[in-house]
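Trainee: I would like to work through the fold of this chain with you, beginning with its overall makeup and then turning to its cores, helices and salt bridges.

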Amino acid sequence: MSSTLIKNGYQSTIEVEHFQFEDDFMEDNVRCIPMVARFKLDAAGIKLKLAEWSRFSVEERNQLSVMPCSDEREIIKYGNYLTRLIRLRCCNEPTFFMVDKEAAWANLAKVDASLQAKAMEYNWHVSLSQWRSLTNLQRFALLKLYRPGHENRNFPKAMKEFNLV
């Protein structure tokens with residue numbers, strides 16, 4: 001998926017990594033926070049509300065999706081950029097939280113029990129070898145998609161997209 005941007009009078013394209021189950025809102029000016037951005041928000045320890053996300057320009061939303069955010073330096077840079085955006089566009093302070101240093105998506109020794117319980121609702125089971133074959137982002141997405149307060153309709157779509165069923 002690519003989004004066409006106009007910057008300084010020139011057209012540019014930014015490729016935003018996303019899953020097929022996210023297609024419907026990626027094409028509509030990235031109206032929801034894509035999993036790749038949510039993954040980075042969690043790494044930076046910043047909770048971003050959808051109302052805040054919607055105040056950012058499409059270019060800023062894309063930038064939050066493509067900015068590197070894997071090592072300590074990149075995470076700090078990402079967090080600083082996001083903090084500035086929230087202050088500028090939303091006129092408030094960001095909501096910080098403690099980063100889970102032992103996140104379930106990073107555990108390759110076992111499949112999260114709550115995820116297994118959700119899969120069982122569909123008579124599915126995620127084996128340890130399947131879990132290990134997923135990318136960090138895929139494991140993160142599955143864990144986010146079944147949580148209370150999240151629209152669970154994409155959980156079965158993700159399970160199928162990730163070839164788990």
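**Burial, cores and helices**

Mentor: Of the 165 residues in the chain, 43% are buried, where buried means under 20% relative accessible area, exposed over 50% and partly exposed in between (1.4 Å probe, protein chains only). This is a predicted model, in which local features need pLDDT of at least 70 and side-chain atom pairs count only at pLDDT 80 or more, while totals for chains, interfaces and linings use all residues. Residues are numbered from 1 along each chain as its sequence is written, and side-chain values use heavy atoms, with hydrogens and water left out.

Trainee: What pattern does the chain follow along the sequence?

Mentor: Helices (H or I, at least four residues) and strands (E, at least two) are DSSP runs, numbered from the N terminus. The chain has nine helices and four strands. Read in order, the pattern is β-β-α-α-β-α-α-α-β-α-α-α-α.

Trainee: Which helix supplies the largest share of the largest nonpolar core?

Mentor: A nonpolar core is a set of buried Ala, Val, Leu, Ile, Met, Phe, Trp, Tyr and Cys residues joined through side-chain atoms within 4.5 Å. The largest one has 23 residues, and Phe-21, Trp-131 and Phe-162 are among those with the most contacts inside it. At least two residues each come from helix H2 (35-44), helix H6 (113-120), helix H8 (136-145) and helix H9 (154-161). The largest share, six residues, comes from H8.

Trainee: How many residues does the second, separate core have?

Mentor: Phe-21, in the largest core, has contacts (heavy atoms within 4.5 Å) that include Met-35, Ala-141 and Phe-162, not counting residues up to four places away in sequence. The second core is separate and includes Met-67, Cys-69, Ile-75 and Cys-90; its number of residues is 18.

Trainee: Which elements do the buried residues of H5 pack against?

Mentor: Helix H5 (residues 72-90) reaches 26 Å from its first C-alpha to its last, close to the 27 Å expected at 1.5 Å a residue, the expected span being 1.5 Å times one less than the number of residues. At its N-terminal end Asp-71 acts as a cap, with a side-chain oxygen 3.2 Å from the backbone nitrogen of Arg-73. Its buried residues include Ile-75, Tyr-78, Leu-82 and Cys-90. They pack against H2, strand S3 (46-47), helix H3 (50-53), helix H4 (58-66) and strand S4 (95-96).

Trainee: Within what arc do the buried residues of H6 fall?

Mentor: The buried residues of H6 are Leu-115, Gln-116, Lys-118 and Ala-119. The arc is that of the directions from the helix axis to the C-beta atoms. Seen down the axis of H6, these residues line one face of the helix, because they fall within an arc of 160°.

Trainee: Is Glu-121, the salt-bridge partner of Lys-118, buried or exposed?

Mentor: A salt bridge is a side-chain nitrogen of Lys or Arg within 4 Å of a carboxyl oxygen of Asp or Glu. The side chains of Lys-118 and Glu-121 form one at 3.1 Å, N to O. Lys-118 is buried, with a relative accessible area of 11%. At 56% relative accessibility, Glu-121 counts as exposed.

Trainee: How many residues apart are Asp-42 and Lys-144?

Mentor: The count of salt bridges comes to four, and one of them joins the side chains of Asp-42 and Lys-144 at 3.2 Å, N to O. Asp-42 lies in helix H2 and Lys-144 in helix H8, so the pair links distant parts of the chain, and the separation is 102 residues.

Technical notes. Polar contact = N/O pair within 3.5 Å; in protein donor to acceptor, adjacent residues only side chain to side chain.
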